[in-house]
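Trainee: I should like to understand the terms used for this structure. May we take them one at a time?
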Amino acid sequence: MPTLKNIVLPVTLLYLLLAMIIVLSKGGLTVDNIRQMIRITATSSMLLFSLTFSASSLLHFFCNKYWQSVMQARRRLGLSFALSHTVHLFAIVALVEIAYGGDYLQLGDIAGGSAIYLFIFAMAVTSNDASVKLLGAKNWKRLHKTGSYLIWIGLFSLYLENALDTGAWHYWLYVLLGISLILLRVGTFWDKRINA
Ligand code: HEM
């Protein structure tokens, strides 16, 4: 039987390709279509990141074979998140080229988002055993922990902003998901401390 670890990357790739084909088939590279791709990739990134970020906590609280397979797939889930967010970046570049004639200043302050992208790419290229050896387990953990919390901040702050601006229920769902992720991590931390 195919495991989550084996299928998550090809399924993500297929999903992104299909999404692109379906969106672009309705009029091609228009500003509205590109914005839709940006939103679609933000959603797939949020879902993939949520599983990656919460896998060890979920296994800690509900130790069963399902969460074990999610835990085993954690690196691939992280890589799938990086893939989804790379398409987010390509869509942003397409938006700037088509809507703003290549003027990136039109996007406003992109320092925070760019810094998070550096972490995403650093995490993706070091998601292997050889990099853990090269960096040392402590430094590797530092990089991935800092990057994870920065990604959480990026996703949470943008969805909170959109929820407050539009009041749309799906944005509030993402906000709730973001809060649950942090509560799970804090809960695991305290549970491990109490039971140590
Ligand atoms: C320099 C880097 C980035 C730029 C320029 C950028 C640009 C954009 C733009 C223009 C939108 C709005 C699309 C629209 O609805 O019209 C957007 C949406 C979004 N971006 Fe990015 N982004 C960047 C990095 C990031 C990062 C690092 C994250 C998360 C870790 C992120 C998460 C999101 C989310 C959650 C949305 C909201 C999607 C929605 O409205 O449904 N972005 N981004």
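Trainee: What makes up the secondary structure of the chain?

Mentor: Eight helices and zero strands make up the chain, where helices (H or I, at least four residues) and strands (E, at least two) are DSSP runs numbered from the N terminus. The model is predicted, so local features need pLDDT of at least 70 and side-chain atom pairs count only at pLDDT 80 or more, while totals for chains, interfaces and linings use all residues. Residues are numbered from 1 along each chain as its sequence is written.

Trainee: Why is the chain called as compact as a globular protein of its length?

Mentor: The radius of gyration, taken over C-alpha atoms, is set against the globule rule, 2.2 Å times the number of residues to the power 0.38. For 196 residues the rule gives 16 Å, and the chain has 18 Å, which is close, so the chain is as compact as a globular protein of that length.

Trainee: How many of the residues are called buried?

Mentor: Buried residues make up 24% of the 196; a residue is buried if 20 or more other C-beta atoms, placed from the backbone, lie within 10 Å of its own.

Trainee: Which residues come nearest to the ligand?

Mentor: Of the 18 residues around the ligand, these are Arg-35, Ala-42, Gly-113, Ile-116 and Gly-154; a residue is near if its C-beta atom, placed from the backbone, lies within 6 Å of the molecule. Two or more residues of this shell come from each of α2 (31-61), α4 (74-99), α5 (111-125) and α7 (137-166). The most, six residues, come from α7.

Definitions and conventions: A residue is buried if 20 or more other C-beta atoms lie within 10 Å of its own, exposed if 12 or fewer, and partly exposed in between; C-beta atoms are placed from the backbone.
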